[in-house]
Amino acid sequence: MSAQVLPQRAKIVIIGGGVGGASVAYHLAQLGERDVLLLDRSDLTSGSTFHSAGLVGQLRADPTLTKMNMHSVDLYRKLEMTETPASWRECGSIKIASTVERMEEIRRQIGWSKTFGLDLNEIGVKEIAELFPLINTEGIIGGCYMATDGQVDPSQLTHALASGARRGGVKIFTNTRVLQISAKNNQINSILTDKGEIECEIVVNCGGMFAAEIGRMLGVRIPIIPMSHQYLITENFLPDNSPMLPSLRDPDNLIYFRQEVKGLLMGGYERNSKAWQTSHDSFDAIPADFNAKLLNPDWDRFEDIAINAANRVPIMGEIGVKNFINGPEGFTPDNEFCLGETSVVGFYVAAGFCAHGIAGAGGIGKVVAEWIVAGEPTMDLWHMDIKRFASAYESPKFTLERVTENYEAYYDIHYPGEERESARGENTSPIYNWHKANHAVFGEKAAWERVNYYHDQAASNLDESNRPNGWVGKNWHPAVALEHFAARNTAGLFDESSFAKIEVSGLKSAQFLNSICANNVVRGIGRTIYTQALNSRGGIESDYTVTQVADDKFFIVTGTAFLNHDMGWLEKMCRQLGYNEIKIRDLSKDLACFGIWGPNARKILSKLTDTDLSNEAFTFMSSKILKIADIDVRATRITYVGELGWELYISRADALQVWSELIAAGEEFGLRPCGYRAIESLRLEKGYRAWAGEINSETNPYEAGLSFAVSLKKENFVGRAALLNANENLTRKLTALTLENIKDVPMGNEPILINNRVIGRVKSAGQGYTINKAIAYAYLPVENTKIGTKVDIEMFGIIKTATVQEEPLLDPQGLRIKS
Ligand SMILES: Cc1cc2nc3c(=O)[nH]c(=O)nc-3n(C[C@H](O)[C@H](O)[C@H](O)COP(=O)(O)OP(=O)(O)OC[C@H]3O[C@@H](n4cnc5c(N)ncnc54)[C@H](O)[C@@H]3O)c2cc1C
């Protein structure tokens, strides 16, 4: 649009005219935003978009992404009716299983697709051959078919979205390169382009594989790496009158196909992936003129894919190749999109689409535009939120290792309890070496090494009788039950040093925290309060404990992975509510944290401290500094496992000594070191919620069964009005379900049915060793939550009966905790 003069001011500037930027622009216009500019350094679609294969599949491994892709399909269909259609072809798609495990995965997906009303059907080998006659059915066990999937022309789609955006008032400038982005007081205020400066409030980085480079203009790390991705297009060979073929995915052979004119397009995910312009030592350095360009074909790396393709679709071995595409695409370390507001106010990102950006674009544009307009996400987008990335991703090496592992595992089946092998050992507890020497098996969370459980290879007679059936059993370990019972019957010592720990201080810190927490968190020095921080819709943004440690100082503890998210929320609320003097400090790496829980916890701790630990002197939910071996330790009487005990916070330097003292003192009382897997089982029995598990920004405390943590006596706090309204119109409730056979453990997302009617889906699940049952939690319609109600849970196509139970499943009077 060269005739236009670049404005000197705009409210929102979108950087990047690929499918992502065009969709964000389209949806902003739909939401009524009129002062929006979209800039591209070259032409629209000249990044990754122009060379995309254009397959659009809706069903994904998680509910949110599936909903977003369903929106994409709806939108692409609608665009066909406009004067700028996107060339949407609803040809359907087939996914085939060449292994038993894949067939199980397909059955599981068919199950939870019902919870979306998606019409995904199991099909047999005969139907697969009918739908895709070119296929060699050897080794195929079965598959599934989705009639509403399709393919789209990526460039036409981008132009269709851009036209829609223009009609809504968005101004688009191509050949306009952003050179700098400026912020004042950590708030976006302008950008500099090669055509001039533009004052603005919001910048949306839709830079695709260039997003990390754009982020660096402001010192913001966006862990996206350009990876080479390849496909080929055959010569035309299909007869003129043949019906259009559905897309075909054969993940066991790492390949996908779709019809391209009268030939086939075939691509895949190689096991020997290749990053482009990024190394262990340096960030990406994409050439300044890399637009509308491709990489050189890399046949060697494609060979295995080509062999697999010719085996599955034999004509691939006979027909000539018309075109071979090697194009770079931005990948994130976990194959999920990178969306949302960064640490700089008004600086958003929507990039890193990991080779499903065409399928996702409609949904991405919608949720990001809503996020910008509302100032907060309008649905649970945690696992796509840029704030999920720990500071470890500032390292190119760490990022590249994880991106590589996940790229190569793109089509793999992922089993519960699986751990990543790359990029390990980044953050460790001060007790790490003790754990290693004592047979710890580690897991990773947000770049922290944490003990899953301890297992001495020399130990014999481990009880295998509770190993869950199917997938949940694969990474299960019998040591977890032993640790569970130690905490219930004697005592368990847990290293929770990875917890995120945040200090909030300043004269008005009490007032501030009470204005953003649903509970009253100001009840005196030494009191610890469990609370949620809510968004304006009453949804739970953060779930944490707050301890007042001085008149003007509070200590907040939250989950390992939520540091950036929860600290970001506190900072944002400070700004929005005008508490400019408040200081927010991250103490996560300064302090270790140990949990000592179980009936003998008091006896063990009493051996080490003079402080009176009796119920009268040290009440539940209170916190004191005590001395262990002359070391100052903050002890908070709290529990996440439902037992008597304390969390102990100690400086890193002193942590090993305190841990050793506890282990020695605990020997006579049956103290056992325990890991995170045991915590999971213990907390599920007690019904303790986990953010990003049972609760998130889409659920409110009333439906989540957390009304005890809401103080309506406070006249005002963020989300209060919406919460009151939600409480009056409660339609669903988080409900505890049990399955009689402890080995029948759901994985999450399974449909829950009554009389064949879907009423919900499993949110979280696990084993309760003390109650000897499998446990599941789900949001169910209030009318289906009567205690004793029987429901069906469809697991891998098989129906299991579960019963609605009263919560908590264990120790309803809390006698153990207060003993
Ligand atoms: C080979 C291949 C096959 C694929 N197949 C599929 C598929 O079948 N289905 C599917 O869903 N997805 C597929 N994808 C993925 C999909 O193509 C991408 O996810 C999507 O196109 C990315 O869009 P984007 O808008 O994020 O990035 P891009 O299209 O790369 O757009 C980014 C834009 O930012 C601009 N820009 C960068 N820096 C600046 C600056 N400083 N100033 C101004 N502008 C700037 C660039 O010029 C570029 O136009 C495939 C990708 C590849 C590589």
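The shell around the ligand divides into 16 nonpolar, 19 polar and four charged residues. Here Ala, Val, Leu, Ile, Met, Phe, Trp, Tyr, Cys and Pro count as nonpolar, Asp, Glu, Lys and Arg as charged, and the others, Gly among them, as polar.

Colleagues, a word on the basis of these values. This is a predicted model, in which local features need pLDDT of at least 70 and side-chain atom pairs count only at pLDDT 80 or more, while totals for chains, interfaces and linings use all residues. Residues are numbered from 1 along each chain as its sequence is written, and side-chain values use heavy atoms, with hydrogens and water left out.

I begin with the ligand. It is surrounded by 39 residues, each with a heavy atom within 4 Å of it; the closest are Asp40, Ser48, Thr49, Glu329 and Ala359. Which polar contacts does the ligand make through an oxygen atom? By polar contact I mean a pair of N or O atoms within 3.5 Å. A side-chain N or O atom of Asp40 is 2.6 Å from a ligand oxygen. From the backbone, an N or O atom of Ser48 lies 2.8 Å from a ligand oxygen, and a polar atom of Ile358 is 2.9 Å from one. The ligand taken alone exposes 1000 Å², of which the protein buries 99%; accessible areas come from the Shrake-Rupley method with a 1.4 Å probe.

I turn to the aromatic residues. The structure holds 31 aromatic pairs, meaning rings of Phe, Tyr and Trp (its six-membered ring) whose centres lie within 6.5 Å; planes under 30 degrees apart count as stacked, over 60 as edge-to-face and the rest as tilted. Trp299 and Phe302 form an edge-to-face pair, 6.3 Å centre to centre with 80 degrees between the planes. Both lie in helix α7 (residues 299–312), three residues apart, about one turn of the helix; helices here are DSSP runs of H or I, at least four residues.

Are the two partners buried or exposed? Buried means under 20% relative accessible area, exposed over 50%, and partly exposed in between, with a 1.4 Å probe and protein chains only. Trp299, at 43%, is partly exposed, whereas Phe302, at 0%, is buried.

A second pair is Tyr410 and Tyr411: their ring centres are 5.7 Å apart and their planes at 75 degrees, so this pair is edge-to-face. Tyr410 is buried at 17%, and Tyr411 counts as buried at 12%. Together with Tyr269, Phe331 and Tyr407, these two tyrosines form one aromatic cluster.

Key: A polar contact is a pair of N or O atoms within 3.5 Å; within protein, one must be able to donate a hydrogen and the other to accept it, and residues adjacent in sequence count only if both atoms are side-chain atoms. Helices (H or I, at least four residues) and strands (E, at least two) are DSSP runs, numbered from the N terminus.
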